[in-house]
Amino acid sequence: MSENAAIKILICQGTGGISMGAKEVEAAFVKHLAEKGVDALVGKRCDVIKTGCRGLCANDVLVDIITPEQGRVTYDFVKPEEVEQIIDEHIVNKSIMEKRKAKPYYNTFVDKQMRVVMTGCGQIDPDSLDAYKEEDGFKAIEKCVKSMKPEEVIEEVKKSGLRGRGGGGFPTGMKWSFCKASPGDHKYLICNADEGDPGAFMDRSLLEGDPYCIIEGMMIAAYAIGCDFGYVYVRAEYPLAVQRLQHAIDVCYEQGYLGKNIQGWGINFDMRIKMGAGAFVCGEETALMASIEGHRGMSRPRPPFPAVRGLWGYPTNINNVETFGNVRHIINKGSAWYASLGTETTKGTKIFAVTGKVKHTGLVEVPAGMKISEVIYDVCGGIANNRKFKAVQAGGPSGGCIPADILDTPVDYDSLIKAGAMMGSGGLVVMDETTCMVDVSRFFLNFTRMESCGKCVPCRIGLKVMLDILERITEGHGEISDIETLQDLGAAIKKASLCGLGQTAPNPILSTINYFRHEYEAHINDKRCPSNCCKELLLWQVVEDKCVKCGACKKACPVDAIVWEKGQLAFLDKEKCTKCKSCYDACRFMAIE
Amino acid sequence: MSEAVAQQTTEQEPEIDLSLANKIIDKYIDMPGNLMPVLQGAQDEYGYIPRAVADLIAERLNVYPSQIYGVLTFYAQFHLKPRGRFIIRVCVGTACHVQGAPRIVETFFDKLGIGHAETTPDLRYTFEKVACLGACGMAPLAMVNDATYGSMTVQKVDQIVTDYNQRPLK
């Protein structure tokens, strides 16, 4: 930023920021700046800018103030009533409020990352085309149209080594070339933003924080493949993403970046948003196309692949949001630069949504190949509440759990598959010693069972049978033969299912049996849950030699079932207890079992 | 409970103003793949898809009512019965699950006397478990209409229900 630039106040306004009151904070800034006449006081213009998600959603509202004197300073947990003081001290008196500044972990969180796809997120106003153009926006498509043939664009993407970020990891350049090679003049391009994987929200953040970057990525793909119509299929659960993307599309039409003869470059591209209606299976490409056509979102066998027969029978290319987000950077900076990042088989960076029992939950973008332990401990600060790490679940309902002893696994497509998990869309759910692996398996299976479209038998019935067995185990009625039955069923379902949902649904169970077989055996043989998680197997009593008499459990109990006096051991009244487990979570010393 | 809702449904059916639905259909009539946008528009307008509207859409878009019924029951977003004034959604995604979402759900069940995807007879509340709302940093998460409540506890459920019990139904 140049020396004499205005003072910038960046306020994080993703879904996380807004629900923590970012709109009120912005209003407070605007109000106080005007009332005090700060612009005149400091002799500079003060711009209040809303930005997309900065990643550390747990600490919202995040406010960055950029002044020529202090550079960039971040304040976290900002409340509207603090705004006046921040303006007085930081902007008018030019002294940083050390007490309110984000603690050093914020810098660690940011510095350890490598932001490529998310460069715009949290930096620019997502509604402003001018802000995007300042960040080299639409330079990549211009370069393609003016100096590259479509074949050269595909070749460049192939050389970069970019692989699909939706989970499968298919080389993007190859996919484009298949669709380009299909005969016919009319082809469709689809951006898959049906991010249904619980625990992953990078696509949402990209669409909310930098929608123009996705539009440009799609324009480049359309130019390379030779299609003139694109759909973005967005989940209905993401109203803000839909609103920002629709705004961006409207502006692009007004400014001639979409439509006929874009910018006089002689290319045409139209775009439309399709809203999903709440079905996880629609993230699968054939189900997604059925949904756009107005049918139930049921998958169909492949081949024919969408590149040959896709939407309404025309050749269709489908990529994930994050994949499109990479494209403009590859064109701008060159495939050689992109290929220099990451590992042998996984190039570039990957965005992960790190959630669960970790100190700093949020979105992190790291070079592929970083160790999982580095992501969890170095970037995200390790495990919350002083507890012990147990496992990390990678890849959502299609992935698996990675235990502590192989935590040095690098995050790339092939290493994760070798570890029994998968990249998936990039959700990392961290679990500590209080999370029961059998219960987690049951949770995922319950999810995939409900979301199964019901077309093929292995998925529809097989998953239900597996779920029944798991429920029996968590209720204390398991038999030792159950483990083998689960493994057999899982293997059969993986082989026989029609689409990705069924083919991967048994993964969470198989991987937990592989790494945490002893937990299954404890549930079955001893009728005990080692993590004290499965309600039916809990004793509901205080472990006297672990209790430190702090009374935290009494405060947490909603029904006064805990008897405690200062300096006394706690006692749990089983008559009153509703088995809600609030006390168990409140206890930091594992003294309730 | 469900019988009561069913009765109300049949009682309310004759009052449906079909001109609203016709307007929505006019807007999308020439678009390919228009069934979903039309149903979504009707859902926004009426709050659910009344039988009469479904029949009208079938007639005008030239699709079988059975196909419409298939679509309506396939997607979680569509509803065939009137919904409550306050829609309580509790996230049961992975991050919320490991942070204790199940007990939040059960407490709501107890307080409201309804289960998943059910509506109270006075049409005050509809309760839904939903998969990931995408705000995992604040797990466990609940929403009432558009208001978000993060880091939920059993006590907070009490407060929310007490608060919304006092709000007017209209």
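Here are some questions and answers on this predicted model.

User: How many residues do chain A and chain B each put into their contact?
Analyst: Start with the side of chain A that touches chain B: two or more residues each come from α1 (15-19), α13 (285-292), β9 (349-356), β13 (427-432), α18 (437-451) and α25 (582-586) of chain A. By class, that side has 19 nonpolar, 18 polar and seven charged residues. For the whole contact, the count is 44 residues from chain A and 35 residues from chain B.

User: Which helix gives the largest share of the largest nonpolar core?
Analyst: That core has 213 residues, and those with the most contacts inside it include A:Met218, A:Ile220 and A:Ala221. Leaving out residues up to four places away in sequence, A:Met218 touches A:Leu189, A:Cys191, A:Gly230, A:Met271 and A:Phe324. The largest share is 12 residues, and it comes from chain A's helix α11 (residues 211-225).

User: Is A:Cys557 buried or exposed?
Analyst: A:Cys557 sits in the loop between α24 (552-556) and β14 (562-563) of chain A. Ignoring neighbours within four places in sequence, A:Cys557 is in contact with A:Ile562, A:Ser582 and A:Cys583. The cut-off for burial is 20 or more other C-beta atoms within 10 Å. A:Cys557 has 24 C-beta neighbours inside 10 Å, so it counts as buried.

User: What separates the C-alpha atoms of A:Cys557 and A:Cys577?
Analyst: Along the chain, these two cysteines are 20 residues apart. In space, their C-alpha atoms are separated by 8.8 Å.

User: How many residues of helix α22 of chain A are buried?
Analyst: Helix α22 (residues 507-515) is mostly covered. Its buried residues include A:Pro508, A:Ile509, A:Ile513 and A:Tyr515. Among the elements covering them are β12 (400-403), α19 (457-474), α20 (481-496) and α23 (517-526) of chain A. As for the tally, of nine residues in α22(A), the buried ones number seven.

User: Are α8(A) and α14(A) roughly parallel or roughly perpendicular to each other?
Analyst: The axes of α8 (residues 150-160) and α14 (residues 321-333) of chain A come within 10 Å and cross at roughly 100°. Angles of 65 to 115 degrees count as roughly perpendicular. So α8(A) and α14(A) are roughly perpendicular.

User: And which residues of α14(A) make the contact with α8(A)?
Analyst: By class, this contact has four nonpolar, one polar and one charged residues. The α8(A) side is A:Glu156, A:Val157 and A:Ser160. Facing them from α14(A) are A:Val327, A:Ile330 and A:Ile331.

Technical notes
Residues numbered from 1 in each chain as written. Chains lettered and ligands numbered in written order. Predicted model: local features only at pLDDT ≥ 70, side-chain atom pairs only at ≥ 80, totals over all residues. Contact = placed C-beta atoms within 7 Å. Helix = DSSP H or I, 4+ residues; strand = E, 2+ residues; numbered from the N terminus. Nonpolar A, V, L, I, M, F, W, Y, C, P; charged D, E, K, R; others polar. Core = buried A, V, L, I, M, F, W, Y, C linked by C-beta atoms within 7 Å. Buried ≥ 20, exposed ≤ 12 C-beta atoms within 10 Å, placed from the backbone. Axes fitted to C-alpha atoms, helices over the stretch in contact; angles between N-to-C directions. Parallel < 35°, antiparallel > 145°, perpendicular 65-115°, else oblique.
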